[in-house]
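Please look over the protein shown here. Take a moment with its sequence and its fold before reading on.

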Amino acid sequence: MGKRPPGPLVNNAIYNFLYRSGSPFTYIVLGVVCLAFLLFWLGSGNPETYAFVKSTFFTPSEFLRKPWTIFTYWIFTADLGLLLFIGLGLYFFASSLEREYGTKRFALAFSGLVLICPISFWLGYLFGVGDVPLMTVGLPVAGCLVAWAARHPHSKILLFMVVPIEARWVGWLTVIGVGIGYGWGHPLFSIFALLPLGLCYLYATRRLKLPEFPRKQKRVFFEKDYEGLDPDKRRAAEEERRRLRELFERSWKQGDEEDK
């Protein structure tokens with residue numbers, strides 16, 4: 001096991017948390033969204049705050065006039081309930097995907113998803129089926145949920161923290177919710193709203209593959225660092241480690257019983 005890289009951040013609590021979590025990119029995104037919501041709440045009594053936040057949202061008809069919104073629409077969330085959904089989605093599903101794929105690969109895929117969503121909305125506008133604004137990181141998070149459900153279709157999830165349900169049905173409920181929500185008043189627009197989720201499903205089930213760039217082999221591997229391993233190898237490594245731990249615990253208990 002290698003030592004941690006030297007530097008002034010080693011003793012920093014935030015750095016240590018991100019380092020040990022196995023999903024630093026997800027937690028950084030979650031932190032940015034929560035901080036943006038806090039800033040929006042603190043300035044909620046100022047009309048200029050609303051104007052600034054609105055200027056970050058993506059509107060297809062204003063894309064050429066405000067091209068930067070393709071990068072900024074996801075930052076602010078003005079609804080506390082939606083923030084809770086986003087937080088749960090990032091914490092449970094996006095972080096799990098990051099641990100499976102590795103931080104660099106997941107960060108690249110998630111960043112691409114953030115850009116694909118407004119492009120899809122813009123295509124819907126060009127086809128004349130609606131001019132629906134895009135705001136918050138909710139749609140990319142929904143894509144992560146669909147991808148996780150595609151990879152773990154039979155895993156049990158507590159719906160509303162009460163009802164146990166298989167992940168595949170949660171994925172379908174997400175697809176239905178996105179289609180109805182963004183297609184309200186513009187039914188055909190739901191096709192373009194669901195396009196990013198379809199790409200997430202294809203990528204998660206390996207029907208869609210992104211080009212892989214050669215990487216230099218790391219000389220030192222850190223704890224929970226599965227960079228460079230594909231998800232199947234990572235899962236096999238975790239199962240082997242779990243088997244060895246259970247074998248050790250059984251032998252330890254047997255030794256205690258013989259001593260008695």
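This report goes from the whole chain to its pocket, its cysteines and a few single residues.

**The whole chain**

The model is predicted. The chain holds ten helices and two strands. Along the sequence, their order is α-α-α-α-α-α-α-β-β-α-α-α. The chain has 260 residues, and 38% of them count as buried. Its accessible surface is about 16,400 Å². Carbon and sulfur atoms hold 66% of that surface. Now take the contacts with a separation of 6 or more. Residues 24 or more positions apart make 68% of them.

**The largest pocket**

The largest pocket encloses about 800 Å³ of space. It is lined by 25 residues, and F85, L88, F93, L145 and V170 are the closest to its centre. Which elements supply at least two residues each to this lining? They are α5, α7 (138-151), β1 (156-159) and α8 (167-183). Helix α5 gives the most, with seven residues. By type, the lining has 20 nonpolar residues, four polar ones and one charged one.

**The cysteines**

How many disulfides does the chain have? The count is zero. C117 is in no disulfide, and its nearest cysteine sulfur, in C200, lies 7.2 Å away. For C144, the closest cysteine sulfur is also that of C200, at 6.5 Å. That is too far for a bond, because a disulfide needs two cysteine sulfur atoms within 2.5 Å. C117 is buried, with a relative accessibility of 0%. C144 is buried as well, at 4%.

**Single residues**

The table lists relative accessibility for four residues outside the cysteine group.

| Residue | Relative accessible area | Class |
|---|---|---|
| T77 | 1% | buried |
| T136 | 6% | buried |
| Y125 | 33% | partly exposed |
| R206 | 41% | partly exposed |

Start with T77. It sits in the loop between α4 (69-72) and α5 (80-101). Is T77 buried or exposed? T77 is buried, because its relative accessible area of 1% falls under the 20% limit. Leaving out residues up to four places away in sequence, T77 touches V33, F37, L82, L83, I86 and T136.

T136 is thus a contact of T77. T136 lies in the loop between α6 and α7. Its backbone deserves a look. Most residues other than glycine have a negative phi. T136 is not a glycine, yet its phi is positive, at about 70°. T136 is buried too, because its 6% is under 20%.

R206 also has a positive phi, near 65°, and is a residue other than glycine. R206 is found in the loop between α9 (189-204) and α10 (231-259). Its relative accessible area is 41%, so R206 counts as partly exposed, between the limits of 20% and 50%.

Y125 belongs to helix α6 (residues 103-126). At 33%, Y125 is partly exposed. Where does Y125 make contact, neighbours within four places in sequence aside? Its partners are P60, S61, G130, D131 and F189. F189 is 64 residues away from Y125 in sequence. In space, the two C-alpha atoms are 8.4 Å apart.

Definitions and conventions: Residues numbered from 1 in each chain as written. Predicted model: local features only at pLDDT ≥ 70, side-chain atom pairs only at ≥ 80, totals over all residues. Heavy atoms only, no water. Helix = DSSP H or I, 4+ residues; strand = E, 2+ residues; numbered from the N terminus. Buried < 20%, exposed > 50% of the residue type's maximum accessible area, 1.4 Å probe, protein only. Contact = heavy atoms within 4.5 Å. 1 Å grid on protein atoms, 1.4 Å probe; cavity = no way out; pocket = protein on both sides within 12 Å on 5 of 7 lines; lining within 4 Å. Points joined across faces, edges and corners; volume = space filled by probe spheres on them. Nonpolar A, V, L, I, M, F, W, Y, C, P; charged D, E, K, R; others polar. Areas by Shrake-Rupley, 256 points an atom, 1.4 Å probe, with all protein chains shown as cover.
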